[in-house]
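Here is a protein chain to go through by question and answer. Please look at the sequence and the coordinates before reading on.

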Amino acid sequence: MTLFWGDAIEILFPGWPGSNFNSYMLALTLVFVLGLAVEWLSHTKFIKPTMDNITAGILQTAMYAFRVGMAYLVMLAVMSYNLGILLAAVAGYTIGFLIFGSRAFDNSKISKISPYEDPADLPPLIC
């Protein structure tokens, strides 16, 4: 298989997104949003310091499972070998990191601490 351009593809399910351009654009948008959501979930804090360990552990495990599931859906979509889908996935992860993981939108003063000293609830996504 090789990378190709075109809107006549199948992603994730038989017959989806179909063979018209509007369905293809919807698929590109979905892959972009999934990549963005994976980055958002990777850099968010839902667990409160007042939660007990059992509740925090269950919530953290559920968030991890959801993030891994979304990341695998993006990976499977990219395995369609469509260049548009690949670019949408990379753009989703990139814009997601820019918004949620980088210092670009951080209003606090830039300090010499590492951005990973105050980690989110989940460990970094390693792929």
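The questions below concern a predicted model, and they go from the overall fold to single residues.

Q: In what pattern do the helices and strands follow one another along the sequence?
A: The protein has three helices and two strands. Read along the sequence, these elements give the pattern β-β-α-α-α.

Q: What share of the 127 residues in the protein is buried?
A: A residue counts as buried when its relative accessible area is under 20%. Of the 127 residues in the protein, the buried share is 27%.

Q: Which residues does UniProt annotate as "transmembrane region"?
A: The annotation comes from an unreviewed UniProt entry. It may be inferred rather than shown by experiment. The residues covered are 23-42, 54-75 and 81-100.

Q: How far apart are the end C-alpha atoms over residues 54-75?
A: Residues 54-75 form one of the stretches that the UniProt record annotates as "transmembrane region". In the model the chain there is 100% helix and 0% strand. The end C-alpha atoms of this stretch are separated by 31 Å.

Q: What percentage of residues 81-100 is helix?
A: Residues 81-100 are also covered by the UniProt annotation. Their end C-alpha atoms are 28 Å apart, and the strand content is 0%. The helix content over residues 81-100 is 90%.

Q: What is the distance between the end C-alpha atoms of helix 3, and what span should its 19 residues have?
A: Helix 3 runs over residues 83-101. At 1.5 Å a residue, its 19 residues should span 27 Å. The distance in the model agrees with this, at 26 Å.

Q: Within what arc do the buried residues of helix 3 fall, seen down its axis?
A: The buried residues of helix 3 are G84, I85, A88, A89, G92 and G96. Seen down the helix axis, they line one face of the helix, because they fall within an arc of 135°.

Q: Which residues make the nonpolar surface patch of about 670 Å²?
A: Patch residues need a relative accessible area of over 30%. L73, in helix 2 (residues 53-78), passes with 36%, and L12 passes with 33%. The patch is made by L12, F13, Y72, L73, M75, L76 and M79.

Q: What is the phi of L12?
A: L12 lies in the loop between strand 1 (9-10) and strand 2. Most residues other than glycine have a negative phi. L12 is not a glycine, yet its phi is positive, at about 65°.

Q: Which residue in the loop between helix 2 and helix 3 has a positive phi?
A: The loop between helix 2 and helix 3 holds a residue that is partly exposed, at 32% relative accessibility. Its phi is near 65°, although the residue is other than glycine. The residue is Y81.

Q: What is the omega of the peptide bond that joins W16 and P17?
A: P17 is placed in strand 2 (residues 17-18). Most peptide bonds are trans. The bond between W16 and P17 is cis, with an omega of about 10°.

Q: How far is G18 from D7, C-alpha to C-alpha?
A: G18 lies in strand 2 and is partly exposed, with 24% relative accessibility. G18 and D7 are eleven residues apart in sequence. In space their C-alpha atoms are 8.2 Å apart.

Q: How far apart in space are N20 and D7, C-alpha to C-alpha?
A: N20 is in the loop between strand 2 and helix 1 (21-42). At 42% relative accessibility, N20 counts as partly exposed. N20 and D7 are 13 residues apart in sequence, and their C-alpha separation is 6.7 Å.

Q: Is M70 buried or exposed?
A: M70 lies in helix 2. The C-alpha atom of M70 is separated by 9.6 Å from that of V31, 39 residues apart along the chain. The cut-off for buried is under 20% relative accessible area. The relative accessible area of M70 is 9%, so M70 is buried.

Q: What is the C-alpha to C-alpha distance between F46 and Q60?
A: F46 is placed in the loop between helix 1 and helix 2. F46 is partly exposed, with a relative accessible area of 34%. F46 and Q60 are 14 residues apart in sequence, and the distance in space is 8.5 Å.

Technical notes. Residues are numbered from 1 along each chain as its sequence is written. This is a predicted model: local features need pLDDT of at least 70, side-chain atom pairs count only at pLDDT 80 or more; totals for chains, interfaces and linings use all residues. Side-chain values use heavy atoms; hydrogens and water are left out. Patches are made of residues with over 30% relative accessible area and no salt bridge: like charges are joined within 9 Å, nonpolar side chains (Val, Leu, Ile, Met, Phe, Trp, Tyr) within 5 Å. Accessible areas come from the Shrake-Rupley method with a 1.4 Å probe; for residues, only the protein chains shown count as cover. A salt bridge is a side-chain nitrogen of Lys or Arg within 4 Å of a carboxyl oxygen of Asp or Glu. Helices (H or I, at least four residues) and strands (E, at least two) are DSSP runs, numbered from the N terminus. Buried means under 20% relative accessible area, exposed over 50%, partly exposed in between (1.4 Å probe, protein chains only). The expected span of a helix is 1.5 Å times one less than its number of residues. The arc is that of the directions from the helix axis to the C-beta atoms.
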